[in-house]
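The following exercises ask the reader to work through a protein fold step by step. Each task is followed by a worked solution.

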Amino acid sequence: MDASDPAEAELLAVSASCSMNDASTLSSTLRLQNSAEHSVQLIWVSFDGEAQVYNLLAPGSSTSQETFSSHVWRLLDEEGRLLLQYSGPSASLHVRADGGVEVAVCASSPAVLVA
């Protein structure tokens, strides 16, 4: 994350304002499917803005990730380009063959998406 980039600095400020004790933090599950011809990295962004690789989804694979609604997650392609940044309730994230991402939110709570 580049804090000199205004968009990324704003995202860092939003994620830093959340905490595990926040009453709006709810348990959630991300269901991920990779239909692209390349691997996709699942990255968790800590409340300090540090990116941590949680999973590498091979082409054609799928997985589930238990998390919390205030946590920020990123999907990166094999060249490190951001495909999606997500924070919110349980959702299905599908990386299509063309590299685009479809998001299906499984609750009525708002989600924060950055593409």
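The exercises below concern this predicted model.

**Exercise 1. Overall make-up**

Determine which secondary structure elements the chain contains and in what order they occur.

Solution. Begin with the count: the chain has 1 helix and 9 strands. Next, follow the elements from the N terminus, where the order reads α-β-β-β-β-β-β-β-β-β. Then turn to the contacts between residues at least 6 apart in sequence: 52% of them join residues at least 24 apart. Finally, consider exposure. Of the 115 residues, 37% count as buried, and the accessible surface of the chain comes to about 6300 Å², with 50% of that area belonging to carbon and sulfur atoms.

**Exercise 2. The open sheet**

Establish the strand order of the open sheet formed by 4 strands, and state how its strands pair.

Solution. The strands are arranged in the order E4-E1-E7-E8, with mixed pairing. Its edges are strand E4 (62-68) and E8, each of which pairs on one side only. From one strand to the next, the twist averages 20 degrees.

The individual pairings can now be taken in turn:

- E1 and E4 run antiparallel and are joined by 7 bridges; within E4, Phe68 stands opposite Ser27.
- E1 and E7 are parallel, with 5 bridges between them; Asn34 stands opposite Val95 in E7.
- E7 and E8 run antiparallel, joined by 5 bridges; Val95 has Val101 in E8 as its bridge partner.

In general terms, strands of a sheet pair through backbone hydrogen bonds, in either a parallel or an antiparallel sense.

**Exercise 3. The nonpolar core**

Identify the residues with the most contacts inside the largest nonpolar core, and the elements that supply two or more of its residues.

Solution. The largest nonpolar core holds 15 residues, and those with the most contacts inside it are Leu30, Leu32, Leu42, Leu75, Tyr86, Leu93 and Val95. Two or more core residues come from each of strand E1 (27-34), strand E2 (40-45), strand E5 (72-76), strand E6 (82-87) and E7.

Leu32 serves as a worked case. Setting aside neighbours within four places in sequence, Leu32 is in contact with Leu42, Leu57, Leu75 and Leu93, among others. The remaining partners of Leu32 include Ser61, Ser62, Thr63 and Gln65. As a general background, nonpolar side chains tend to be buried together in soluble globular proteins.

**Exercise 4. A polar residue in a strand**

Decide whether Arg74 is buried or exposed, and find the residue whose side chain makes a polar contact with that of Arg74.

Solution. Arg74 is located in strand E5. Its relative accessibility is 10%, so Arg74 counts as buried, the cut-off being under 20%. The side chains of Arg74 and Gln85 are joined by a polar contact of 2.6 Å.

**Exercise 5. A glycine in a loop**

Locate Gly100, classify its burial and list its contacts beyond four places in sequence.

Solution. Gly100 belongs to the loop that lies between strand E7 (91-95) and strand E8 (101-105). Because its relative accessible area is 18%, Gly100 is classed as buried. Apart from neighbours within four places in sequence, Gly100 is in contact with His94 and Val95. A further spatial relation involves Leu83, 17 residues away along the chain: the C-alpha atoms of Leu83 and Gly100 are separated by 7.0 Å.

Note on methods. Residues are numbered from 1 along each chain as its sequence is written. This is a predicted model: local features need pLDDT of at least 70, side-chain atom pairs count only at pLDDT 80 or more; totals for chains, interfaces and linings use all residues. Side-chain values use heavy atoms; hydrogens and water are left out. Buried means under 20% relative accessible area, exposed over 50%, partly exposed in between (1.4 Å probe, protein chains only). Contact means heavy atoms within 4.5 Å. Accessible areas come from the Shrake-Rupley method with a 1.4 Å probe; for residues, only the protein chains shown count as cover. A nonpolar core is a set of buried Ala, Val, Leu, Ile, Met, Phe, Trp, Tyr and Cys residues joined through side-chain atoms within 4.5 Å. Two strands pair if DSSP finds at least two bridges between them. Axes are lines fitted to C-alpha atoms, for helices over the stretch in contact, and angles run from 0 to 180 degrees between N-to-C directions. A polar contact is a pair of N or O atoms within 3.5 Å; within protein, one must be able to donate a hydrogen and the other to accept it, and residues adjacent in sequence count only if both atoms are side-chain atoms.
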